[in-house]
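Reader: Hi! I'm new to this one and would love a friendly walk through it. Could you pull it up so we can look together?

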Amino acid sequence: IWIGSFSLIANVPLLYALVCSKSLTEKITLGAIVGFFAGLHIYGIAHYGWFLLIIFSCYTASQMMLYGFIFHHLWQRLGPWGKLLLPMSLWILTEWIRTLGTLSMPASYAGNIALDSWLAPWLFLAPHFGGLFVSGCVALIQSCVFLAVLDRQKYRIQLRVGLTVVCLLGCFGYSMP
């Protein structure tokens with residue numbers, strides 16, 4: 001994502017599609033498609049060559065298939081607080097998995113938000129809490145946007161708490177030297 005602020009809504013269309021899809025196969029397929037195209041974007045800028053670009057994109061697709069798989073199994077079982085935290089938790093999990101192994105290929109929202117100076121207060125949290133935490137903050141914003149699109153009234157308390165936490169973390173990051 002070339003415009004860092006787009007990271008704040010990057011997975012919202014996928015989340016909405018996952019809620020609307022009926023079957024596990026559909027959710028896994030949606031994850032695979034989004035992951036593959038995200039991989040083309042993420043790794044396409046590095047000029048690895050076509051073979052590695054396709055392999056890395058398939059790797060990213062596999063992580064998003066896992067995202068869709070777990071989403072399918074947990075979404076209906078969770079209450080409103082779990083639904084707020086699920087997209088964030090899944091993103092952190094899949095991002096962490098992408099950091100493992102000798103061929104790790106992380107794709108982090110921390111790198112995306114570094115492109116926009118107004119998002120710097122959250123980036124300043126990285127030295128204290130790590131890059132996964134920063135990505136989790138971005139994914140929490142996505143969760144809030146997603147729940148607002150889904151049913152603003154039903155999730156109003158979760159939205160207020162989630163956005164308050166994000167704002168407080170931004171204030172903490174802003175106060176870092």
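Reader: Let's start with Asn11. Where is Asn11 found?
Author: Asn11 is in the segment before α1, the helix covering 12–20. One thing to keep in mind as we go: this is a predicted model.

Reader: Is Asn11 buried or exposed?
Author: Asn11 counts as buried, because its relative accessibility is 5% and the cut-off for buried is under 20%.

Reader: Which residues does Asn11 touch?
Author: Leaving out residues up to four places away in sequence, Asn11 touches Met64, Tyr67, Trp91, Tyr109 and Gln142.

Reader: Nice. Let me zoom out for a second. How many helices and strands are there in the protein?
Author: There are nine helices and zero strands. Reading from the N terminus, the order is α-α-α-α-α-α-α-α-α.

Reader: And what is the radius of gyration of the protein?
Author: The protein has 16 Å. A compact globule with 177 residues would have a value near 16 Å, so the two agree. As for the span along the principal axes, the C-alpha trace covers about 45 × 45 × 25 Å.

Reader: What share of the residues is buried?
Author: Buried residues account for 40% of the 177 in the protein. On the outside, the protein exposes about 9400 Å², with carbon and sulfur atoms supplying 73% of that.

Reader: What about contacts between residues at least 24 apart?
Author: If you take the contacts between residues at least 6 apart in sequence, 68% of them join residues at least 24 apart.

Reader: OK, back to single residues. Which helix does Gln63 sit in?
Author: Gln63 is in helix α3. With 8% relative accessibility, Gln63 counts as buried. Setting aside residues up to four places away in sequence, Gln63 touches Thr94, Ile97 and Arg98.

Reader: What else can you show me in that helix?
Author: Helix α3 spans residues 50–74, and Leu53 lies in it. Leu53 is buried, since its relative accessible area is 11%. Ile70 is found in helix α3 too. Beyond its neighbours within four places in sequence, Ile70 is in contact with Leu90 and Leu93.

Reader: How far apart in space are Ile70 and Lys27?
Author: Their C-alpha atoms are 9.5 Å apart, with the two positions 43 residues apart in sequence numbering. For another pair, take Leu53 and Gly31: they are 22 residues apart in sequence and 18 Å apart in space, C-alpha to C-alpha.

Reader: Changing topic: how many disulfides does a search of the whole structure find?
Author: Zero. Cys20, for one, is in no disulfide, and the nearest cysteine sulfur, that of Cys144, is 19 Å away. Cys144 is in no disulfide either; for Cys144 the nearest cysteine sulfur is that of Cys167, at 9.5 Å.

Reader: Why does 9.5 Å not make a disulfide for Cys144?
Author: A disulfide needs the two sulfur atoms within 2.5 Å, and the nearest cysteine sulfur to that of Cys144 is 9.5 Å away.

Reader: Are Cys20 and Cys144 buried or exposed?
Author: Cys20 is partly exposed, with a relative accessible area of 40%. Cys144 is buried, with a value of 2%.

Reader: Last one: how many positive and negative side chains does the protein have?
Author: There are 9 positive and 4 negative side chains. The centres of those two sets lie 12 Å apart.

Methods:
Residues are numbered from 1 along each chain as its sequence is written. This is a predicted model: local features need pLDDT of at least 70, side-chain atom pairs count only at pLDDT 80 or more; totals for chains, interfaces and linings use all residues. Side-chain values use heavy atoms; hydrogens and water are left out. Helices (H or I, at least four residues) and strands (E, at least two) are DSSP runs, numbered from the N terminus. The radius of gyration is taken over C-alpha atoms; the globule rule is 2.2 Å times the number of residues to the power 0.38. Buried means under 20% relative accessible area, exposed over 50%, partly exposed in between (1.4 Å probe, protein chains only). Contact means heavy atoms within 4.5 Å. Accessible areas come from the Shrake-Rupley method with a 1.4 Å probe; for residues, only the protein chains shown count as cover. Lys and Arg count as positive and Asp and Glu as negative; His and the chain ends are not counted. The place of a charge is taken as NZ of Lys, CZ of Arg, CG of Asp or CD of Glu.
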